[in-house]
Amino acid sequence: MPTRIRRSIIDTPDGQVHVRAAGLGEPVLLLHWTPGSGRQYQHVLPELAARGYRAIAPDHMGFGFSDARKSAWSVADFARNIADVMTSLGLASAHIVGGHFSSEIAAELAVQVPRRVKSLV
């Protein structure tokens, strides 16, 4: 039976963030390209889960089903929010995957809170 993707809404200081997740084990946080949403990883989440990972794909603030941003955000703002998402999910650290604009967010996250980033792709 295929691994089911679970969707949830979590609270952060900036508002609610929509998250897709599958599996248990070491966390892998998949940051979507923009514009877009975590739905980009709908086929990847079950594959990572089948390999023993907890695969997590949040929608960035202002994208997908997450709350809208109240103003323009910098890369640093997006990275801070992802750190807040990690806290809300109980993740001390995770492997971080980014591409396109989200690669900048992933790199900034590693600068802001290096102890929380196990690896950066």
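Begin the tour of this predicted model by selecting Ser 66, which is found in the loop between E4 and H2. Colour the residue by accessibility and Ser 66 turns out to be buried, with a relative accessible area of 9%. Two polar contacts can be drawn from its side chain: one reaches the backbone nitrogen of His 18 at 2.9 Å, and in the other a polar atom of the side chain lies 2.6 Å from the backbone oxygen of Asp 59. If the selection is widened to the residues that Ser 66 touches, leaving aside those up to four places away in sequence, Gln 16, Val 17 and His 18 appear together with Asp 59, His 60 and Met 61.

Keep His 60 on screen and add His 32, which lies in the loop between E3 and helix H1 (44-50). The relative accessibility of His 32 is 0%, so this residue counts as buried. A polar atom of the His 32 side chain lies 3.0 Å from the backbone nitrogen of His 60. The residues that His 32 touches, again not counting those up to four places away in sequence, include Asp 59 and His 60, and also Pro 58, Phe 63 and Ser 102; Ser 37, Gly 38, Gln 40 and Tyr 41 complete the list.

Next, select strand E2 (15-22), to which Gln 16 belongs as the bridge partner of Asp 11. How many of the residues of E2 are buried? Of its 8 residues, 7 are buried, so E2 is largely enclosed by the rest of the structure. Add strand E1 (6-12), and the two strands are seen to run antiparallel, joined by 7 bridges and connected by a hairpin through 2 residues. Another bridge to label on this pair is that of Ile 9, whose partner in E2 is His 18, the residue whose backbone nitrogen is reached by the side chain of Ser 66. Then bring in strand E4 (53-58), which runs antiparallel to E2 and is joined to it by 4 bridges; here Ala 21 stands opposite Ile 56 in E4.

With these strands displayed, extend the selection to the whole sheet, which is open, has 6 strands in the order E1-E2-E4-E3-E5-E6, and shows mixed pairing. Its edge strands are E1 and strand E6 (117-120), each of which pairs on one side only. Looking along the sheet, one can follow a twist that averages 30° from one strand to the next.

Now turn to the helices that lie across this sheet. Helix H2 (residues 75-88) has 14 residues and reaches 20 Å from its first C-alpha to its last, close to the 20 Å expected at 1.5 Å a residue. H2 lies across E1, E2, E3, E4 and E5, and runs at about 115° to E1. Which residues of H2 are buried? They are Phe 78, Ala 79, Asn 81, Ile 82, Ala 83, Asp 84, Val 85 and Met 86. What covers them includes the strands E1, E2, E3, E4 and E5, and also helix H3 (101-112). Just beyond the helix, select Gly 90, which follows H2 and has a positive phi, near 75°. H3 can be shown in turn: this helix lies across E5 and E6, running at about 145° to E6.

Finish with the aromatic side chains, where the structure holds 2 aromatic pairs. In one of them the rings of Trp 73 and Phe 78 have their centres 5.1 Å apart and their planes at 70°, so the pair is edge-to-face. Trp 73 counts as buried at 18% relative accessibility, and Phe 78 likewise counts as buried, at 5%. In the other pair, the rings of Phe 78 and Phe 101 have their centres 5.7 Å apart and their planes at 85°, so this pair is also edge-to-face. This second pair links distant parts of the chain, with Phe 78 in helix H2 and Phe 101 in helix H3, 23 residues apart. Phe 101 is partly exposed, with a relative accessible area of 22%. Displayed together, Trp 73, Phe 78 and Phe 101 are linked by their ring pairs into a cluster.

Notes. Residues numbered from 1 in each chain as written. Predicted model: local features only at pLDDT ≥ 70, side-chain atom pairs only at ≥ 80, totals over all residues. Heavy atoms only, no water. Expected span 1.5 Å × (residues − 1). Buried < 20%, exposed > 50% of the residue type's maximum accessible area, 1.4 Å probe, protein only. Contact = heavy atoms within 4.5 Å. Pairing = 2+ DSSP bridges. Polar contact = N/O pair within 3.5 Å; in protein donor to acceptor, adjacent residues only side chain to side chain. Axes fitted to C-alpha atoms, helices over the stretch in contact; angles between N-to-C directions. Phe/Tyr/Trp six-rings, centres within 6.5 Å; stacked < 30°, edge-to-face > 60°.
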